[in-house]
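Open the structure in your viewer and keep the selection tool at hand. The stops below follow one another, and each begins with something to select.

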Amino acid sequence: MFIRGIGHAIKQAFIQIFRNRAMSFASLFSITAMLLILGLFFILIVNVNMVTESAKKQFDTIQIYLLDQTDQVAATQMVHDLSDLEGVAKAWYLSKEDAMKEYKTKWGDKGYLLDGFTENPLPNSIRVQVSDLSLADSVVEVAKKFEGIEDIKYYQTAVDKLLSVTNYIRTGALVIILSLVVVSVVVVANTIKLTVLARAREINIMKYVGANNWFIRGPFLVEGMLIGFLSAAVSVGLVSLIYSKVMELFGTDMFLMFSVTMVPERFLIVNLIMIFMALGISIGAFGSIISMRRFLDT
Amino acid sequence: MIKFEDVTKKYGSNIGIEDVTVSIDKGDFVFLVGPSGAGKSTFIKLILKEVCEDKGRIHVNGMEVTRLSNRQTPKLRRSIGIVFQDFRLLPNKTVEENVAFAMEILHISSRTIRRNVPQVLNLMGISSKAKKYPHELSAGEQQRVAIARAVINNPTVLIADEPTGNLDPDTAWEIMQLLDQINRRGTTILMVTHAKDIVDRMGKRVIAIDKGKIVRDDRGGTYGYYEDEEAHSFLCKPGGVFDSNVY
């Protein structure tokens, strides 16, 4: 009996969708639009996250400038001591000649300008890469106590700023996504309410003939879920199309300008499919249940 | 079959029906007559548990309607066939789907549905319209579909709320023949009507309601209201229930 009820609901849902093409299309369109906006925001957020993460990596190096009289042996000892500290991923010595080479590479075409120096002004240095940014302070404290140090540079303020910006972006994104979900449920509930309203009389007749509430609700519920499923499929398709175009156009530029890669398409799409299917189907289901409630009370 | 014991239903200060005690037996054919606002609709709504009484007890098909929960209401309605003046067919379903729907809600197997629906449509004389939608049918044909839907599950009671109100006299009479035929097979029929000529011609039991009370209950009765000149002129004035421009 239960199985037969489900079979009836599915069969009727397909018939209803087909016979009420215009309304089905309206619901499909509005859910798709919402999911599309949601999807674009999702992509933006994932990419911003990735950019901040990789930018953070560029700030995780502490530079310790050495006095010219500090010899190689003392420097090697420092590197050794630093490497043993908690939170240090890697520590290495960089001679003033190597530092100059590094500058020249960075400056590229304009590298020849550096040839004007008769004497290398750069100091020898030690670089420390921290594995955990929050431990950077304690590493610096230890380094300050070393003899023969000229200066210590690390981008504490920059890192702090970046961390707070990242946090803002994360919370902001979460708020936007959540409000978009709420908005889409409301919009969908209203669209489905219109379809239900158009069939209020029909529902009333069903009640007169003696149909119980679940028998009436079933087809509408399946219909909502089907439309949600279709909308999810359409919007995933659109989002991935848009994303691949953006990747094609800006992907390499992004890499060149900020030395940051965009999130790979495949990874994103797989996640989007799962999220959107769940979201679309539940928006459809909740939308139809919410909007039918009024007509089934008695 | 249908039993009202001292039933009162008021809408605010307006009386629906008041202290009504009446009993309709199995196999009866009863006309429920009376002016508009007399309480006929309230009577029907109480049977279907569309409204709840303020006082008294109502029994329908062995169920005490008063005590049914909302969840049990569908069960009550399934034991009653209903036909309305405006047919109330599902506009998006074909004739046979409309009739089948009444069986589907009982979870009857599709094989049984496929067997029974054509039989009933044949009985109602609308076999050729099986694949048509309600809007493609004449009013008389639509009412036949509605009756087919009402009787397909063999209800013990058939309630007809002005079933001929939208039909021309000839078609109306055909529908009455159909109802009579159904009654002869043992179904109790309760029909609300304003059609004097039909009531007089059928010669069945007539219950007249006025201002919420039963004023007359005759076996083999007539409509009776035309005998009252005052009521006649009231009912037939423009906009009155017998004004041909209204129906």
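In which helix of chain B does R114(B) lie? Select R114(B): the residue belongs to helix α4 of chain B, where helices (H or I, at least four residues) and strands (E, at least two) are DSSP runs numbered from the N terminus.

Before going on, note that this is a predicted model, in which local features need pLDDT of at least 70, side-chain atom pairs count only at pLDDT 80 or more, and totals for chains, interfaces and linings use all residues. Residues are numbered from 1 along each chain as its sequence is written, chains are lettered from A and ligands numbered from 1 in the order in which they are written, and side-chain values use heavy atoms, with hydrogens and water left out.

**Stop 1: the positive patch**

R114(B) counts as exposed because its relative accessibility is 60%; buried means under 20% relative accessible area, exposed over 50%, and partly exposed in between (1.4 Å probe, protein chains only). Now add K11(A), R111(B) and R115(B) to the selection: with R114(B) they gather in a patch of positive charge on the surface. A patch is made of residues with over 30% relative accessible area and no salt bridge, like charges being joined within 9 Å and nonpolar side chains (Val, Leu, Ile, Met, Phe, Trp, Tyr) within 5 Å. Helix α4 (residues 110-123) of chain B gives the most to the positive patch, with three residues.

**Stop 2: K55(B) and its partners**

Select K55(B) and D19(B), whose side chains meet in a salt bridge (3.0 Å, N to O). A salt bridge is a side-chain nitrogen of Lys or Arg within 4 Å of a carboxyl oxygen of Asp or Glu. K55(B) sits in strand β4 and D19(B) in strand β2 (residues 14-24) of chain B, so the pair ties together parts 36 residues apart in sequence.

Next add D6(B), which also forms a salt bridge with K55(B), the closest N and O atoms being 3.9 Å apart. D6(B) is in strand β1 (residues 2-11) of chain B, 49 residues from K55(B).

**Stop 3: R205(B) and D217(B)**

Which residue forms a salt bridge with R205(B) at 2.8 Å, N to O? Select D217(B), the partner in that pair. R205(B) is buried at 8% relative accessibility, whereas D217(B) is partly exposed at 36%. Add D28(B) and R219(B) to see one network of salt bridges that share partners, together with R205(B) and D217(B).

**Stop 4: T187(B)**

Finally, select T187(B), in the loop between α6 (169-184) and β8 (188-192) of chain B. T187(B) is buried, with a relative accessible area of 12%.

Notes. Areas by Shrake-Rupley, 256 points an atom, 1.4 Å probe, with all protein chains shown as cover. Lys, Arg positive; Asp, Glu negative; His and termini not counted. Charge placed at Lys NZ, Arg CZ, Asp CG, Glu CD.
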